[in-house]
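Reader: I would like to go through this model step by step, with a short reason behind each reply. Please put the sequence and structure up first.

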Amino acid sequence: MIIEETRDLAACHALRRTVFIDEQGVPEADEMDDQDAAAIHLLARDGDRPVGSARLLIKGDTGKIGRVCVLADQRGTGLGAALIRAALDVLRDRGMVQARLGSQTHAIGFYEKLGFVAQGPVYDDAGIPHRDMTLNLK
């Protein structure tokens, strides 16, 4: 399994379409936004097959991790955690002080195991309950 920065937005979009739009019912208008052009994209491949991705947005000294997705047949393999660790490495390499993300509520425990702390109330994002989480990088 290789995880690296990519400019292959088509592969990232295909993964996000499968996971978020097809599986979770997120409206395409909510999933595909205008922030991809400014983002750092990570792509996980199993051989030549794209199997997971994440998007990083930089604002000041904070990096926002989002659009984290792993294909169904790869879940439970540790790939999701590897994607988050790779994202945190990228943010640290760019001098970020804090990482944040909006976690679907069912995934809060997953992110807590990686050091994130839930903050604030539960909110709706594209019809799915979420909660903000942060991790200090210094």
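Author: Two strands count as paired if DSSP finds at least two bridges between them. The model is a predicted one, and pairing in that sense gives an open sheet of seven strands with mixed pairing.

Reader: What is the order of the strands in the open sheet?

Author: The sheet has seven strands, and its pairing is mixed. Neighbouring strands are turned by 25° against each other on average, direction ignored. The order is E1-E2-E3-E4-E5-E7-E6.

Reader: Which are the edge strands?

Author: An edge strand pairs on one side only. In the order E1-E2-E3-E4-E5-E7-E6, that description fits strand E1 (2-6) and strand E6 (117-125).

Reader: How many bridges join E5 to E7, and in which sense do the two strands run?

Author: Within this pair, Ser103 stands opposite Arg131 in E7. Strands E5 and E7 are joined by seven bridges, and they run antiparallel.

Reader: Which strands does H3 touch, and what angle does its direction make with that of E4?

Author: Helix H3 packs on the sheet, where it touches E1, E2, E3, E4, E5 and E7. Angles here run from 0 to 180 degrees between N-to-C directions. The direction of H3 makes about 155° with that of E4.

Reader: How far apart are the end C-alpha atoms of H3, and what should its 15 residues span?

Author: The expected span is 1.5 Å times one less than the number of residues. For the 15 residues of H3 this gives 21 Å, and the end C-alpha atoms agree with it, being 21 Å apart.

Reader: Which element gives the most to the largest nonpolar core?

Author: That core has 39 residues. Elements giving it two or more residues include helix H1 (9-23), strand E3 (49-59), helix H3 (79-93) and strand E7 (128-136). The buried residues of H3 include Leu83, Ile84, Leu88 and Leu91. With nine residues, the element that gives the most is H3.

Reader: Which residues of the core touch the most other members?

Author: Nonpolar side chains tend to be buried together in soluble globular proteins. In this model, the largest nonpolar core holds 39 residues. Those touching the most other members are Leu56, Ile65, Leu88, Ala99 and Phe116.

Reader: Is Leu56 buried or exposed?

Author: Leu56 lies in strand E3. Leaving aside neighbours within four places in sequence, its contacts include Ile40, Leu42, Ile65, Ala87 and Val90. Leu56 and Leu42 are 14 residues apart in sequence, and their C-alpha atoms are 8.1 Å apart. Because its relative accessible area is 0%, Leu56 is buried.

Reader: Which residues does Ala99 touch, not counting those up to four places away in sequence?

Author: Ala99 is one of the core residues that touch the most other members. Contact requires heavy atoms within 4.5 Å. By that cut-off, Ala99 touches Gly63, Ile65, Leu88, Leu91, Phe116, Met133, Thr134, Leu135 and Leu137.

Reader: Is Glu31 buried or exposed?

Author: Glu31 is found in helix H2 (residues 28-31). Apart from neighbours within four places in sequence, Glu31 is in contact with Arg16, Phe20, Ile21, Val26 and Arg67. The cut-off for a buried residue is under 20% relative accessible area. Glu31 has 4%, so it is buried.

Reader: What is the phi of Arg67, and where is this residue?

Author: Arg67 is placed in strand E4. Its phi is positive, although the residue is other than glycine, and the value is near 50°.

Reader: Which residue in the hairpin of E6 and E7 takes a positive phi?

Author: Strands E6 and E7 pair in the antiparallel sense over six bridges, and Asp125 has Ile128 in E7 as its bridge partner. Two residues lie between the strands of this hairpin. The residue with a positive phi, near 55°, is Ala126.

Reader: How does Ala126 count by relative accessibility, and where is its place?

Author: The place of Ala126 is in the loop between E6 and E7. Its relative accessibility is 23%, so Ala126 counts as partly exposed.

Reader: Is Asp124 buried or exposed?

Author: Asp124 belongs to strand E6. Its C-alpha atom is separated by 9.3 Å from that of Gln104, which is 20 residues apart from it along the chain. A residue over 50% relative accessible area is exposed. Asp124 has 57%, so it is exposed.

Methods
Residues are numbered from 1 along each chain as its sequence is written. This is a predicted model: local features need pLDDT of at least 70, side-chain atom pairs count only at pLDDT 80 or more; totals for chains, interfaces and linings use all residues. Side-chain values use heavy atoms; hydrogens and water are left out. A nonpolar core is a set of buried Ala, Val, Leu, Ile, Met, Phe, Trp, Tyr and Cys residues joined through side-chain atoms within 4.5 Å. Buried means under 20% relative accessible area, exposed over 50%, partly exposed in between (1.4 Å probe, protein chains only). Helices (H or I, at least four residues) and strands (E, at least two) are DSSP runs, numbered from the N terminus.
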